[in-house]
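Biologist: I'd like to learn how to read a structure like this. Could you walk me through it, one feature at a time?

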Amino acid sequence: MTPHLPLLIPLVLLVAALLAPLVGIVRYTWVYRLALVAVAVDAGVALWGLAEVVDGGTMTYRLAGWQPPIGIEFVLDPLSAFFSAVIATVALIVMVGARAMVVEELPRKEVPFFTTVLLMLAGFQGIVLTGDLFNLFVFLEIAALAGYALVAVGERASPLAAFRYLLVGATGASLYLLGLWFIYNLTGSLNMRDVAAILPGSWDNPALAIGLSLMIVGIGVKMALFPLHGWLPDAYTQAPSATTALMAPIGTKVGAYVLIRLLVFVFGGPLVTDELPVADVVMWLSAIGIIYGSILAIAQRELKRMLAYSSVAQVGYIGLGIGLANPVALIGAVLHVVNHAVMKGALFLVAGTMRARLGHSDIGRIDAAVTRKLPWTMAAFTVAALSMIGIPPTAGFFSKWYLTSGAVDRGLWIMVVVIMVSSLLNAVYFFRVLERGYLRHDDDESLDAVVRDEAPPAMLAPTIVLAVGILALGVFNAVLVNGVLDLIPPAGW
Amino acid sequence: MAEFWDGGYAYYATALLLVIGLYAILVKRNLVKKLIGLNIVQAAIILMWVASATRPDATVPVLDTHGEQGKQVVDATDYLNPLPHTLMLTAIVVGVATTGVAFALLISIYRRYGTLDEAELLEQMRGEPQ
Amino acid sequence: MRSYYDDRIVALSARLVTPFIQLFALYVVFHGHYSPGGGFQGGAMLAASFLLIRLSIGTAAAQSQFQRSWGTPVSSIGALVFLGAGLIVMFFGFNFLDYAGLPLGLSDPELRNAGILAIELGVAVTVAATLTAIYDDLVGEPLGPLAGGLDEPTVVAEADQVEGPEWDVEFGNG
C-alpha cells in the first residue's frame with residue numbers, strides 16, 4: 001500500500017467522482033455521504049503521505065511502470081505532501097458544512113454539485129502531486145473546468161461571472177501550454193526533474209525566457225496574481241456559498257504551488273533571481289496586489305465581495321514570499337498558504353451561514369442583533385479577522401513574521417512597509433464589520449427580544465473547528481515549521 | 001530571405017492565428033465571438049506543437065512490421081516525433097470540454113438576460129443589487 | 001407549427017448512413033495502435049452517429065438508439081473501465097496502468113496491447129456518451145408529456161418572439 005500512496009491521493013477522489021452519478025441514480029441522498037467519505041479517506045491518505053515523507057524522504061511513483069522521462073511520474077516530496085494534506089484536510093472540514101449550504105441555495109442539485117466538487121478536488125490533488133509538466137496542464141484544466149461549472153450555478157449574474165472566469169482561465173492555460181512548448185523544444189523532456197537537470201545549459205537562449213514568462217502568466221491567472229486577478233471578485237461573489245467555501249481556501253493556493261514548483265524547483269534559484277528578473281517581477285506585482293486588494297476590500301459593501309478582494313491581497317502575500325527568493329520567505333509563504341486556507345475557509349463559512357440564516361450578507365445590515373442571533377458564528381469571524389490582521393497568537397501573525405524576516409534579510413524595507421500597511425488596511429475593513437456586529441444597534445429595538453437562531457450544527461461545527469484551527473496553527477506553528485516546512489526549500493534557493 | 005521562411009513558415013502562420021484569436025477575445029463584444037477567439041487561440045497553440053513534430057524526410061510514426069522482411073534495426077530519425085501529437089490529442093479534448101462548458105454558460109446567460117452582448121450585460125449586471 | 005422532422009429523404013439517408021458511421025468508428029477505435037485513431041477519435045465519430053439521428057429524425061425517435069438518461073451514467077462507466085483496467089494490475093503488485101500485470105496468459109507486448117485496447121474502448125464509450133449528453137443538454141428537445149421524469153429543458157421562447165442576437169439562424173422558412 002505504501003508505495004502506491006502518491007497515486008492514491010488523487011485516485012480516491014477521481015474514482016468517487018466517477019461513482020457519484022451512478023450512486024445518484026440509485027439514491028441521491030447517498031451521493032453526499034459518498035463525497036464526504038471520499039474526502040475523509042483522501043485526507044487520511046494525504047496525512048499519511050505527509051508523515052511518510054517527513055520520516056522517509058521523497059517518494060516517487062511511476063505510472064504504468066515506465067521510467068521517466070518516458071513515463072509520467074507522481075512525486076511526493078515535502079512541498080507536495082504538505083499541500084496535498086492542506087487541500088484534503090480543509091476540504092474535509094468545509095465539506096461537513098457544505099450540504100447545508102447546498103440544500104439551502106441549490107435545491108435538488110446535490111448529485112451534480114458533489115460530483116463536480118469531487119472532480120475539482122481530484123484535479124487539485126493531481127496538480128499538486130504530478131511530476132510531469134504536461135500532466136500538470138491536464139489536471140489544471142480538469143480542476144478549472146469543474147470550477148467554472150461550480151461557479152455558474154449561483155444566482156443572478158453567476159453564469160456571466162463564470163463565463164468571464166472561463167475565458168481568462170482557458171486563455172491562461174493555453175499560454176501555459178505555449179510556454180511549455182518552448183521548454184519542451186529546448187530540453188526534449190516534460191519531466192520536472194529532467195528539465196531542471198537539462199536547463200542550466202541553455203540559459204542564454206531567448207526561448208527559455210519566453211517560455212518561462214508565458215508559463216508564469218498562465219499560472220498567474222490561476223493564482224490571481226496582481227494584474228491577472230480580474231476574474232476573482234465576480235467569481236467568488238456570484239458563486240453559491242458552498243462553492244466559494246470550497247474554492248476560495250484552496251483554488252488559488254494550488255496556483256501558488258505551481259508557481260513555487262516552477263520557480264524554485266524546475267527553473268531553479270539562480271535562473272530566476274540572477275539571470276532573469278522573474279522573481280523580482282513576481283515580488284513587485286505581489287506587493288502591488290497586496291495594497292490594491294486591501295484598499296478595494298475597504299470599499300466593498302457586501303461581505304463576500306470584501307472577502308474576495310481580501311483574497312487577492314492574501315495571495316499577494318504568498319507571491320511576495322515566493323518572489324523574495326530566500327528560504328525564510330518561502331517558509332513564510334507556505335505557512336501563509338495553510339493559514340489563509342483555514343482563515344478564508346472560516347470566513348466564507350461565516351458568510352454562508354449569514355446567507356442561510358439572514359438571507360443576505362450585506363455589511364451595512366450587520367448590527368448587534370445579528371450577533372445575538374449568531375453568537376458562535378460571529379465569534380469565529382472575530383478570531384479569523386484577528387488572524388487576517390495579524391495579531392498574535394493567531395496564525396496570521398506568524399506567517400507575516402516570516403515574510404517580514406525574509407524581506408529584512410534581503411534588505412528590502414519597502415516590503416516590510418507594504419506588509420505593515422496592508423495589515424492596517426486589513427484592520428480597517430475587518431474592524432468595520434466587528435464594530436457593527438458588537439457595538440451598533442438601533443435603540444428602538446430591544447436586543448433582548450432577538451431570538452438566537454444559530455447555524456445548523458453541520459455548518460457551525462466546521463466554522464468552529466476552523467477557528468480553533470487558526471489558534472492552534474498560531475500556537476503550534478513552530479512545530480509545523482520545524483517539522484515540515486523546513487524541509488521544503490532546496491539547497492540552491 | 002529564404003532562411004527566414006525556411007522551415008519556419010508554419011510558426012509564423014500559427015503565430016498570426018494566435019494574435020487573431022487574442023484580438024477576438026479582447027475586442028469583440030459578443031460573447032460567442034469571444035468564445036470563437038478562445039477556440040482560435042487553442043487551435044493555434046495546438047498547431048504550433050504539431051508543426052514542431054516534423055523532421056526532414058520523415059514519415060508517419062507507425063512501425064511497419066509487415067513490410068520488408070529481415071529489417072531488424074529501426075532508425076528513429078525516419079519517423080516523426082509522435083509525442084507532440086499524443087499530447088495535442090489531450091489538448092484538443094480539453095478544448096472540446098471547455099467549449100461545451102462555455103456554451104452551457106452562454107445558454108444560461110441568454111436565458112437570464114436575453115442578450116449576449118457584453119456591454120449590455122455589464123450594464124444589466126451593474127444595475128442589479130449585489 | 002410544422003415539425004422540423006417531416007422530411008423523409010433526410011430521415012432515410014440518415015438512417016442508411018448511421019450504421020456505416022458506427023462501423024467505421026469501431027474500426028478507428030480498434031486500430032488506434034497501428035494507424036491514426038484511438039479512443040477519442042472513435043468516440044467522437046460514434047457520437048456523430050447518434051447526433052445525426054437526433055438532428056434528422058428528432059430526439060424522441062432517437063431514444064431507441066441512445067437514451068437521454070444514459071448520457072452521464074454511461075460516461076462514468078466508460079471512465080471506470082479505464083480506471084478499472086489500471087486498478088486490476090495494482091492487485092497483482094504492479095504499478096497503476098502497468099498492463100504487464102494483467103492476469104491473461106499472454107506475453108508482455110501482447111498484454112500491453114490488450115490493456116491499451118481496453119482503455120481505448122472505455123475512452124470511446126465515455127467520449128461518445130459525453131458528447132451526446134452535451135448535445136442533449138444544450139440543444140435537446142423535450143421528449144413530450146410522457147417522458148417519465150426526465151428533466152425537460154426549458155425552451156427559451158418561441159422562435160418568432162425573441163429578438164435574437166445576430167447569430168440566430170432562421171429555421172423552417174421554406
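Biologist: Let me start with a pair of helices. In which hand of crossing, left-handed or right-handed, does H9(A) pass H13(A)?

Modeller: Before that, keep in mind that this is a predicted model. As for the pair, H9(A) passes H13(A) in a right-handed crossing.

Biologist: And what else do I need to describe such a pair?

Modeller: Two packed helices are described by the angle between their axes and the distance between the axes. Here helix H9 (residues 231-238) of chain A packs against helix H13 (residues 303-323) of chain A at an angle of about 145°, and the axes are 8 Å apart. On the H9(A) side the contact uses A:Leu232, A:Pro233, A:Tyr236 and A:Thr237. H13(A) brings in A:Lys304, A:Arg305, A:Ala308, A:Tyr309, A:Ser311 and A:Val312. By type, the residues of this contact split into 6 nonpolar, 2 polar and 2 charged.

Biologist: I notice a proline ahead of H9(A). Where does A:Pro227 lie, and is A:Pro227 buried or exposed?

Modeller: A:Pro227 sits in the loop between helix H8 (206-223) and H9 of chain A. To judge burial, count the other C-beta atoms within 10 Å: 12 or fewer means exposed, 20 or more means buried. A:Pro227 has 12, so A:Pro227 is exposed. Its C-alpha atom is 26 Å from that of A:Ser387, a residue 160 positions away along the chain.

Biologist: How does the count turn out for C:Thr132, buried or exposed?

Modeller: C:Thr132 has 28 C-beta neighbours inside 10 Å, so C:Thr132 counts as buried. C:Thr132 is part of helix H5 of chain C. Leaving out residues up to four places away in sequence, C:Thr132 touches C:Ala47, C:Phe50, C:Leu51, C:Phe66 and C:Gly71. Also, the C-alpha atoms of C:Thr132 and C:Trp70 are separated by 9.5 Å, with their positions 62 residues apart along the chain.

Biologist: Now a single helix. Why does the end-to-end distance of helix H1 of chain A agree with its residue count?

Modeller: Use the rise per residue. At 1.5 Å a residue, the 22 residues of helix H1 (residues 5-26) of chain A should span 32 Å, and the end C-alpha atoms are 31 Å apart, so the two agree. Still, H1(A) bends by about 35° at A:Ala20, and the proline A:Pro21 follows within four residues. H1(A) is mostly covered, with 16 of its 22 residues buried.

Biologist: Let's move to chain B. What is chain B built from?

Modeller: Chain B has 5 helices and 0 strands, running α-α-α-α-α from the N terminus on. Of its 130 residues, 23% are buried. Among contacts in chain B with a separation of 6 or more, 54% join residues 24 or more positions apart.

Biologist: How many residues do chain B and chain A put into their contact?

Modeller: Chain B gives 27 residues and chain A gives 25 residues. On the chain B side, helix H3 (31-51), helix H4 (82-113) and helix H5 (118-127) each supply at least two residues. H4(B) gives the most, with 13 residues. That side of chain B divides into 18 nonpolar, 6 polar and 3 charged residues.

Biologist: And how many residues of chain C touch chain B?

Modeller: The contact involves 9 residues of chain C and 14 residues of chain B. On the chain C side, the largest share, 3 residues, comes from helix H5 (residues 108-138). The chain C side divides into 7 nonpolar, 1 polar and 1 charged.

Terms used. Residues are numbered from 1 along each chain as its sequence is written. Chains are lettered from A and ligands numbered from 1 in the order in which they are written. This is a predicted model: local features need pLDDT of at least 70, side-chain atom pairs count only at pLDDT 80 or more; totals for chains, interfaces and linings use all residues. Two residues are in contact if their C-beta atoms, placed from the backbone, lie within 7 Å. Ala, Val, Leu, Ile, Met, Phe, Trp, Tyr, Cys and Pro count as nonpolar, Asp, Glu, Lys and Arg as charged, and the others, Gly among them, as polar. The expected span of a helix is 1.5 Å times one less than its number of residues. The bend at a residue is the angle between axes fitted to the seven residues ending there and the seven starting there. Axes are lines fitted to C-alpha atoms, for helices over the stretch in contact, and angles run from 0 to 180 degrees between N-to-C directions. A crossing is left-handed if the near helix is turned anticlockwise from the far one by less than a right angle, and right-handed if clockwise.
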